[in-house]
Amino acid sequence: MRTTPATSWTRKPACTTPAPATTCPQSGGGAQYDAERARAVLEGFDRPVVQKVDSLTRYDADYTAMQQYAQTLTEDSIGEERMQVMRTLIQAGDAITAFVDAIVQMQQGIFQAVEHIDPDAAPTVDPALFESQARETAISIIPMTMFYMYQDVPTETLQAYADFYTSEAGQWYHQVRSDAEAYAEEHAAERLVTRVQQAVEARGEE
């Protein structure tokens, strides 16, 4: 499959919804609970098209299977319409950034834990370089994963699915979910460092 320019997967459209700044994914602020939007999200998940996509999605993907599937793909076999739907889904969910944030947070937690065990063994890593490498990996893996997972979903069904995620309710849901994931990742890393530090201190007292 011919490589698609990175910006076509990662460029996210500007937020144009009339929602307050704290609910706009581009504002940098955390989304607040909104009962009306929450109801719209639940109604969206109850739509037959969303349930159909979920029933056809391959959640059992492994890297080898995805690589093998990717080797069968060409731009002609995918088609421009389906390619655009995938771009929309990736951008609407900010999948590239989510992948990078998770990897960077995990790396920071591990390196801090290693530093508590043995300061001399802690690796020296340029954060900007590591993030850049994680982004390159994400740009390679995320589209391949999406094509594999949704290979059994018709393009018109996938388009309706994308329409939900690009709606105001869908984007609000994405921001709430992203905030929750970021919170969980940050605190998981903190707990790892704390527990390692406690274990090192306990060993030193023996």
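Start by selecting E36, L42, E43 and D46: these are exposed residues of helix α2, on the side away from its buried ones. Keep in mind as you click around that this is a predicted model.

Now flip to the other side of α2. Which residues of α2 are buried? Pick R37, A38, V41 and G44. Look down the helix axis and you'll see these buried residues within an arc of 120 degrees, so they line one face of α2. If the spacing looks familiar, recall that an α-helix has 3.6 residues a turn, so residues three or four places apart point the same way.

While you're here, check the length of α2. The helix covers residues 35–46, twelve in number, and at 1.5 Å a residue should span 16 Å. Draw a distance between its end C-alpha atoms and you get 17 Å, which agrees.

Next, zoom in on the N-terminal end of α2 and show the side chain of D34. What does D34 do there? D34 caps that end, with a side-chain oxygen 3.0 Å from the backbone nitrogen of E36. So E36 is worth a second look, since E36 is also among the exposed residues you started with.

Move along the chain to D94, in the loop between α6 (80–92) and α7. Check its backbone: phi is near 50 degrees, a positive value in a residue other than glycine. Is D94 buried, partly exposed or exposed? D94 comes out partly exposed, with a relative accessible area of 23%, not far above the 20% limit under which a residue counts as buried.

From that loop, step into α7, which runs over residues 95–117, and stop at I110. I110 is partly exposed, at 39% relative accessible area. Add M106 and L192 to the selection and turn on the surface: together with I110 they make a nonpolar patch of about 260 Å².

Then jump to α9, residues 155–166. This helix has twelve residues and reaches 16 Å from its first C-alpha to its last, close to the 16 Å expected at 1.5 Å a residue. For the buried residues of α9, select T155, T157, L158, A160, Y161, A162, F164 and Y165.

Finally, zoom out and colour by secondary structure. You'll find ten helices and zero strands, so to speak an α-only run from the N terminus on: α-α-α-α-α-α-α-α-α-α. Across the whole chain of 206 residues, 34% count as buried.

Definitions and conventions. Residues numbered from 1 in each chain as written. Predicted model: local features only at pLDDT ≥ 70, side-chain atom pairs only at ≥ 80, totals over all residues. Heavy atoms only, no water. Helix = DSSP H or I, 4+ residues; strand = E, 2+ residues; numbered from the N terminus. Expected span 1.5 Å × (residues − 1). Buried < 20%, exposed > 50% of the residue type's maximum accessible area, 1.4 Å probe, protein only. Arc of directions from axis to C-beta. Polar contact = N/O pair within 3.5 Å; in protein donor to acceptor, adjacent residues only side chain to side chain. Patch = residues over 30% accessible without salt bridge, like charges linked within 9 Å, V, L, I, M, F, W, Y side chains within 5 Å. Areas by Shrake-Rupley, 256 points an atom, 1.4 Å probe, with all protein chains shown as cover. Salt bridge = Lys/Arg side-chain N within 4 Å of Asp/Glu carboxyl O.
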